[in-house]
Amino acid sequence: MRWIVRKTVLSVITLFCAVTITFFLYRVIPGNPVDLMINYYLSLGYSYEEALSRVLMMVPFVPTAPLHEQYVDFLKGVLRGDLGYSFTLAQPITRILGYAIPWTVFSVSISLVISFLLGIMMGMYIAYKRGSLLDKIISFYSSITTAMPQNILGFFLIWSLAIQLGWFPKELGPYGPRVDPSKFNLEFITSVLRHAALPILTYVLTSMGSWILMMKSSTISVLGEYYVTAAEARGLKDRRIVTTYVGRNAVLPLFTRFAISLGFMFGGALLIENLFLYPGIGRYLTIGISMRDYPLVTGCFLITSVATVLGNLLADLLYSRLDPRIRFE
Amino acid sequence: MISRKSGQFKRLTYAFKVFRRKPTSMAGLIIVVFFTLMALIGPFFFPLDIRAYPAKRYLPPSWQHPLGTDPYGRDVLMQIINGSRDALLIAALTGLVTIFIATVIGVSSGILGGLFDEVLMRITEIFLILPQYPLLLLIAAILPAGRELTLFEVSLIIGIVQWPGTARAIRSQVLAIRERPFIEAARCLNLGSLHIIFREIIPNLTPYLVMNFFLALTGGIYSQVILFSLGILRFTSINWGVMINIAMGESALINPKAWIYLFSPIVCIVLLQTGLVLISSALEEVFNPRLRTEE
């Protein structure tokens with residue numbers, strides 16, 4: 001129980017750090033975005049008061065107040081869910097996030113589940129066949145892809161599968177240009193699925209490798225355990241040993257990583273979303289940066305941090321439930 | 001002293017033997033040496049020329065332009081060669097920054113232990129939990145405040161974001177070394193903690209640091225590709241990530257003439273990362289003989 005309390009406290013502190021780092025970059029360092037925004041309006045010919053009132057609309061604190069008051073206001077704003085106002089998109093940040101999150105969660109959750117399942121199956125298979133040619137090829141593939149930026153593979157896939165072979169739509173974006181997104185009909189759904197196929201394929205092919213490697217080493221270490229030998233000695237069927245004795249124990253440590261990845265999911269796949277012009281969190285983060293729309297940038301960063309922290313907490317709780325040994329450490 | 005020198009030499013030849021035994025490790029070594037030479041001497045033969053030649057837009061490959069030209073009429077091969085310098089320089093500096101921070105934190109935390117260790121590891125954990133690449137983008141977007149960053153500053157930002165995993169790994173390695181008998185012997189001889197750290201622990205840690213350095217290099221390439229290809233950092237010079245960014249801005253994917261321009265930096269990044277990964281896994285085998293299962 002103490003262990004869980006400790007992890008929860010750590011999560012709260014981490015969130016607090018994320019907010020503080022954001023505020024620090026946002027307001028404290030010289031040449032910070034809020035000053036830049038004020039200067040921008042001054043350069044347009046507004047008076048100082050007008051410039052200030054425009055910036056006031058976009059951020060949840062008063063830029064002229066003492067720094068600690070600004071910090072407290074910022075903290076309060078974040079807790080209330082008031083992340084400010086985007087001036088390039090002319091919308092509250094929370095509304096933009098509300099639009100972006102479903103796209104990110106839709107594409108990344110499917111990718112995550114597929115790559116996890118494929119990864120544990122292939123990882124376990126090559127652990128049994130270790131030393132074989134297939135093991136060498138798959139292990140090589142896995143270690144290489146973990147170092148590849150995801151858009152690198154994405155370029156090859158778009159070029160070969162969409163442009164040369166024409167299997168997937170050539171135009172980028174979440175759905176085709178002639179589809180009406182306000183009507184939730186069959187045409188819309190098929191268009192969305194067709195457009196999501198390549199981003200998902202890219203994500204699966206690049207992230208599968210780390211699952212394969214983790215599952216392989218986990219399986220190899222379980223195979224050396226005495227209870228596996230004992231199960232073999234008792235003459236149990238191979239299938240049963242593979243699933244209930246080896247598989248279940250080997251996959252245990254991977255569930256933690258899976259829960260962490262669930263949290264990272266909300267950060268979206270930065271490179272993939274930008275390559276495929278997919279309107280997820282990662283895409284809006286980049287849009288915010290290139291437009292110098294800092295409230296949008298901080299909003300995207302904060303929502304990502306909250307999600308990853310919750311994912312980590314979930315991982316810890318899950319692990320202590322799945323593996324009781326950890327609680328007595 | 002002589003025995004120590006020859007010991008190091010022996011270790012080097014031994015490392016080379018392990019590299020030679022496996023063709024993939026050798027391939028990795030050749031790739032990385034090739035790109036290093038390209039970065040070191042290439043720019044002398046192909047000096048950087050970033051002026052635009054509108055008449056030479058998207059020329060196909062020829063003897064004069066082996067990889068054709070880009071949308072501004074500049075030679076692609078010249079850009080690839082000059083870009084390798086930035087790519088490797090940022091990667092190397094990132095590697096050094098990462099290893100430096102990670103070693104200072106990992107070693108001090110592992111040796112001092114107690115409350116100090118507890119606090120440092122909590123801080124490391126917090127950095128590990130924070131989303132790495134969004135944090136990188138946030139810092140890179142806001143910190144420059146409109147001006148162009150130097151290569152070292154870019155490396156510093158990437159290093160600050162990617163040290164925590166390495167620090168943790170180094171700490172657990174230090175904990176393992178600390179329990180070995182020769183440390184106990186040094187303690188009994190009352191050699192002092194400075195001697196133990198710099199004369200006993202660091203030398204035994206070096207192979208592990210070298211391996212992690214190569215891992216940090218791949219991280220450095222990965223992060224700079226993100227920063228430059230998404231156009232997060234302002235950068236007037238040419239490097240591979242910037243080339244991808246320009247190509248995408250010119251919608252190179254749907255323009256068959258631009259394919260060579262788009263895929264040249266991509267192929268280089270794939271090759272270099274492959275080489276670095278192969279080297280770090282080969283080094284892992286050198287330092288951890290248990291992994292060599294084939295023989």
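What share of the contacts in chain A with a separation of 6 or more comes from residues 24 or more positions apart? Such residues account for 68% of these contacts. The legends below refer to a predicted model.

**Figure 1. Overall view of chain A, with 13 helices and 2 strands.** The C-alpha trace of chain A spans about 85 × 55 × 35 Å along its principal axes. Of the 329 residues in chain A, 40% are buried.

**Figure 2. The loop between α11 and α12 of chain A, with A:Leu277 and A:Gly280.** The loop joins α11 (270-275) to α12 (281-290). A:Gly280 is buried, because 30 C-beta neighbours lie inside 10 Å and the cut-off for a buried residue is 20 or more. Between the C-alpha atoms of A:Gly280 and A:Phe266 the distance is 8.7 Å, at a sequence separation of 14 residues. A:Leu277, in the loop between α11 and α12 as well, is partly exposed, with 13 C-beta neighbours inside 10 Å. The phi of A:Leu277 is positive, about 50 degrees, although A:Leu277 is not a glycine. Most residues other than glycine have a negative phi.

**Figure 3. Packing of helix α3 (residues 76-112) against helix α10 (residues 259-287) in chain B.** Two packed helices are described by the angle between their axes and the distance between the axes. For α3(B) and α10(B), the angle is about 25 degrees and the axes are 10 Å apart. The two helices are therefore roughly parallel, a term that applies to angles under 35 degrees. Their crossing is right-handed. On the side of α3(B), the contact involves B:Val76, B:Ile80 and B:Gly83. These meet B:Ile260, B:Tyr261, B:Ser264, B:Pro265 and B:Cys268 of α10(B). By type, the residues of this contact are 6 nonpolar and 2 polar, with no charged residue.

**Figure 4. The contact between chain A and chain B, with 38 residues from chain A and 36 residues from chain B.** On the side of chain B, the elements that give two or more residues are α4 (114-129), α5 (132-142), α8 (193-229) and α10. Of these, α10(B) gives the most, with 9 residues. The side of chain B that touches chain A consists of 26 nonpolar, 7 polar and 3 charged residues.

**Figure 5. The largest nonpolar core, with 155 residues.** Which residues have the most contacts inside the core? They are A:Val297, B:Leu137 and B:Leu262. Helix α8(B) supplies the largest share of the core, 14 residues. With residues up to four places away in sequence left out, B:Leu262 touches A:Phe155 of chain A. In chain B, with the same residues left out, B:Leu262 touches B:Ile244, B:Ala247, B:Ala252 and B:Leu253.

**Figure 6. Surroundings of B:Leu151 in helix α6 (residues 151-178) of chain B.** Is B:Leu151 buried or partly exposed? B:Leu151 is partly exposed, because 18 other C-beta atoms lie within 10 Å and a buried residue has 20 or more. Not counting residues up to four places away in sequence, B:Leu151 touches B:Asp86, B:Leu89, B:Ile90 and B:Leu93. B:Phe235 is 84 residues from B:Leu151 along the chain, and their C-alpha atoms are separated by 9.9 Å.

Key:
Residues numbered from 1 in each chain as written. Chains lettered and ligands numbered in written order. Predicted model: local features only at pLDDT ≥ 70, side-chain atom pairs only at ≥ 80, totals over all residues. Helix = DSSP H or I, 4+ residues; strand = E, 2+ residues; numbered from the N terminus. Buried ≥ 20, exposed ≤ 12 C-beta atoms within 10 Å, placed from the backbone. Axes fitted to C-alpha atoms, helices over the stretch in contact; angles between N-to-C directions. Parallel < 35°, antiparallel > 145°, perpendicular 65-115°, else oblique. Left-handed = near helix turned anticlockwise from the far one by under 90°. Contact = placed C-beta atoms within 7 Å. Nonpolar A, V, L, I, M, F, W, Y, C, P; charged D, E, K, R; others polar. Core = buried A, V, L, I, M, F, W, Y, C linked by C-beta atoms within 7 Å.
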